[in-house]
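These are my notebook entries on a structure I had not looked at before. I took a few places one by one and wrote down what I found at each.

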Amino acid sequence: MADYIYSMETRLTPDQQSGVNLVQEIVRHAGLNLYLTGGTIRDLITGLPIRDVDLSIQGNPLKLQKELEKAGISIQGLEEDLKTLHLLMPGNVRAELNLTRSETYDKPGKPPIIASATINEDLRRRDFTVNAMALSLNPGSRGLLLDPFNGVADIEAKVLRVLHNYAFLEDPVRLIRATRLSARFHWPLEERTQARYDSAKENNYIEYVGKRAIGAELEQLAHEDDPINIMRALEKEGWLKVLHPHWSVAKAEASDLGQAIKLRQTLTDLGYSVESGPMAMYFLTRRMSDKDISEIQRMIPRRDFVEKWKHLEHDAQNLAKRLTGKEAATNSGSWKLLSEATPENVLFLSLTTRQQAVDSKLKNFLGKWRQVREKLPFPEMAEMRITAQLPEYQKILDAAFLMLLDGKLRSHNEIVNFLKPYEPPPPPPPPAPKRGRGKAAVAEAAAGAAAVAAAVAAKRGRKPKGAAVVAPMVAAVVPSTPAEAGKATASTKAPSSSKPAPEPKKTVPVKAAKKQNKPTKKAVVAKTKSAATKKATPTKKKTAAKKAPAKKTPAKKPAAKKAAKKKR
Ligand code: ATP
Ligand code: MG
C-alpha cells in the first residue's frame with residue numbers, strides 16, 4: 001500500500017510542509033479534523049509540481065483566522081458563504097482552507113445550497129475524479145487516502161473524468177477547468193466526459209457560469225507555469241471571452257512573460273521565494289484597456305493578489321528612483337537596498353526598467369556581486385576560528401563582503417588583516433600531563449604548534465613568521481559592528497603580528513622560559529601592553545618570535561616536521 005504521508009513529506013516543498021504543519025497544529029488545537037484535498041493530492045500522486053495547498057476541515061475555518069495570523073499566515077481573501085479562507089503561508093505558499101461541505105443544485109446557473117458535511121460528502125461535490133480525493137491528517141487515521149471515485153486509477157490512465165452526468169450543467173465553470181487542466185497535463189477528457197462536455201458546449205451551459213467562479217479562474221490562469229499555452233487552449237474553446245469579453249492571446253505580452261518566467265527561476269535558484277502570479281497577470285493583460293483591467297481586477301476574490309498587481313509599477317518606480325539616488329551611490333548601498341526590496345519588486349523592475357544604470361545594478365545584484373563573496377578566505381577563517389559557531393559570524397561576513405563590494409579590501413592580505421581582530425580567543429589548552437613529562441612535554445607542545453604554523457604559512461606561499469601566524473590573541477575582542485571592526489583593526493594590528501607562541505597552561509618558571517627565549521604569561525601581557533602603549537620595536541620582537549622555535553631542543557624537530565607533513 002502506498003505511503004501517502006511519506007509522499008506528502010517528500011513531495012511538498014519544505015515551505016509547503018511547514019505551512020501544513022502550522023495549520024495542522026492550529027486545527028488540532030481546535031479539536032477539528034483536517035484533510036489534504038483537491039489538486040494537492042492529485043499532484044502528490046502524479047509527481048508533478050504542487051502549486052498550492054488545498055486543505056479542508058470539518059469545521060469553520062473563519063473561526064481560526066486569529067490563530068492563523070498569529071502563526072504568520074496571511075489571510076488574503078475569504079468567502080463568507082463557502083466558509084473558505086485564501087491563505088498565503090510563509091515562503092509565499094498559496095493555500096486554501098475550506099469547510100467540508102455538501103452542495104445541492106436546485107437550478108442550473110443558480111448557486112448551490114451549501115451545508116456543512118463530512119469529508120466523504122465533500123468529495124462528492126468536486127469536479128473530476130482526480131480532484132476528488134482526500135488524505136487524512138488526523139491522529140487516528142493519518143495517512144489514510146479517501147478515494148471514493150477511483151481517482152488514482154484515472155491518474156494512472158491520465159484522463160479527466162467528471163463524477164456524474166450533470167457536472168457541467170450544475171457548475172459550468174467546470175468546462176473551463178476541464179480545458180485548463182487538460183491543456184496543463186496534456187490529459188484528454190475520458191470518453192463520456194468528452195461527450196458531456198461537447199453537449200454542454202453546444203447547449204451553451206456556460207452562460208450560467210457564476211461571477212465568483214470566473215474570478216477564481218482568472219487568478220488561476222496567472223499561477224499556471226505556462227499561462228500562454230493555457231490561454232491559447234481557452235481561446236480555442238471560446239472560454240477566454242467568458243473570462244473577459246475583450247481578452248485574447250494577442251492582448252498578452254508573451255515575450256515579457258517568458259522573460260519573467262526565466263528570471264523567476266533565476267531568483268528561485270538563488271534561494272528567493274517569489275510570488276509571481278500578480279506579475280504574470282500584469283503581462284497577460286498588458287495590452288488591454290485600463291477599464292478592462294480594472295474589471296478583471298474587481299472579479300478576483302483574493303484581494304491581496306489584486307493589490308500586489310496594482311502596485312507593481314509604482315513599487316518598481318520607487319525602487320528605480322532610490323537606486324539612482326544617494327543611498328545607492330556605492331555598490332554596498334545598492335546591494336543593501338536591493339536585498340531589502342521584495343524579490344517581486346526586483347524581478348519586475350529587472351524586466352521593465354529602461355534606465356541603463358538601474359539595469360546594470362540589478363544585473364550585478366543577481367550575478368557579479370554574488371561572486372565577490374567567494375573571495376572571502378574561508379579556509380583561513382576556519383584556522384582563525386571565525387566560523388559559523390561565532391554569534392557574530394554573519395555580521396563579520398557581511399561587513400567583509402560589503403567592503404569587498406566597494407573595493408575597500410583589495411588584496412588577500414587586506415582581507416585577512418580585516419578579519420584578524422575578529423579572531424576569538426583560543427580554546428583552553430588540554431590539561432597538562434599529571435606527572436613525569438613536565439618541561440619536556442610543554443616544550444614539545446609549543447614546538448608542535450610552531451611547526452604547524454610554519455607549515456600552514458609555507459602552504460600559503462608566505463614566509464613563515466614563527467608561531468605568530470597561529471598564535472591566538474591574548475584577549476581577543478570580537479567587534480559586533482563593522483565600525484567596531486574598523487577600530488579593532490587599527491588598534492590591534494601591531495600586537496597581533498608580534499604575538500608570542502601559544503602558551504601552555506602549566507607555567508614555565510621565568511628563568512627557564514628566558515633560557516628558551518619563550519615569554520611567560522607575564523611577559524606576554526607586558527609585551528602586548530608595550531606594543532599598544534609605547535612605540536613598537538618590531539625588529540626585537542621579530543627576532544624573539546623567530547628565535548622561539550629555533551631554540552627548542554633539537555630532538556623535537558623531527559616530531560614537528562611529522563606534524564607539518566600530516567597537516568599538508
Ligand atoms: P490547481 O493545481 O490549479 O490548484 P486544483 O484542482 O487544486 O488545481 P483549485 O482551484 O485549487 O484547483 O481547487 C481545489 C479543489 O477544489 C479542486 O481540486 C476540486 O476538488 C475543487 N474544485 C475547484 N473548483 C471546483 C468546481 N468548480 N467544482 C467542483 N469542485 C471544484
Ligand atoms: Mg489547488
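Entry on glycine 407. I looked up how far glycine 407 is covered in this predicted model, and because its relative accessibility is 29%, which falls between the 20% limit for buried and the 50% limit for exposed, I noted glycine 407 as partly exposed. I then located glycine 407 in the loop between helix H22, residues 393-405, and helix H23, residues 412-419. Checking one partner across the chain, I found that glycine 407 and threonine 330 are 77 residues apart in sequence, while their C-alpha atoms are 10.0 Å apart in space.

Entry on glutamate 253. Is glutamate 253 buried or exposed? With a relative accessibility of 17%, glutamate 253 counts as buried, because the limit for that class is under 20%. Its place is the loop between helix H12, residues 240-243, and helix H13, residues 254-269. I followed its side chain and recorded a polar contact of 2.6 Å with the side chain of arginine 287. I also noted that the C-alpha atom of glutamate 253 is separated by 8.8 Å from that of tyrosine 282, which is 29 residues away along the chain.

Entry on two positive phi angles. I looked at asparagine 92, which is not a glycine and yet has a positive phi of about 60 degrees. Asparagine 92 sits in the loop between strand E4, residues 84-89, and strand E5, residues 93-99, and its relative accessible area of 25% makes it partly exposed. I then turned to arginine 385, whose phi is also positive, at about 65 degrees, although this residue is not a glycine. Arginine 385 belongs to the loop between helix H21, residues 378-383, and H22, and I recorded it as partly exposed, with a relative accessible area of 22%.

Entry on ligand 1. Which residues are closest to ligand 1? I counted 18 residues around ligand 1, and the closest are Arg51, Asp54, Asp171, Arg174 and Arg184. Sorting the shell by residue type, I obtained 13 charged residues, four polar ones and one nonpolar. Helix H3, residues 38-46, and helix H8, residues 173-185, each supply at least two residues of this shell, and H8 provides the largest share, with five residues.

I went on to individual atoms and found an N or O atom in the side chain of arginine 51 at 2.7 Å from an oxygen atom of ligand 1. A polar side-chain atom of arginine 174 lies 2.9 Å from a nitrogen atom of the ligand, whereas asparagine 131 takes part through a backbone N or O atom, 3.0 Å from a ligand oxygen. Taken on its own, ligand 1 has 580 Å² of accessible area, and the protein covers 91% of that area.

Entry on the magnesium ion. I looked up the protein donors of ligand 2, the magnesium ion, and found Asp52 and Asp54, each through an OD atom, lying 2.3 to 2.5 Å from the ion. Both aspartate 52 and aspartate 54 are buried, and Asp54 is also one of the closest residues to ligand 1.

Entry on helix H10. Helix H10 runs over residues 211-223, and from its first C-alpha to its last I noted 19 Å, close to the 18 Å expected for its 13 residues at 1.5 Å a residue. Among its buried residues I listed Ile214, Leu218, Leu221 and Ala222, and charged ones such as Glu217 and Glu219 are included as well.

Note on methods:
Residues numbered from 1 in each chain as written. Chains lettered and ligands numbered in written order. Predicted model: local features only at pLDDT ≥ 70, side-chain atom pairs only at ≥ 80, totals over all residues. Heavy atoms only, no water. Near = heavy atom within 4 Å. Polar contact = N/O pair within 3.5 Å; in protein donor to acceptor, adjacent residues only side chain to side chain. Areas by Shrake-Rupley, 256 points an atom, 1.4 Å probe, with all protein chains shown as cover. Helix = DSSP H or I, 4+ residues; strand = E, 2+ residues; numbered from the N terminus. Donors = N, O, S within 2.8 Å, 3.2 Å for Na, K, Ca; no water. Buried < 20%, exposed > 50% of the residue type's maximum accessible area, 1.4 Å probe, protein only. Expected span 1.5 Å × (residues − 1).
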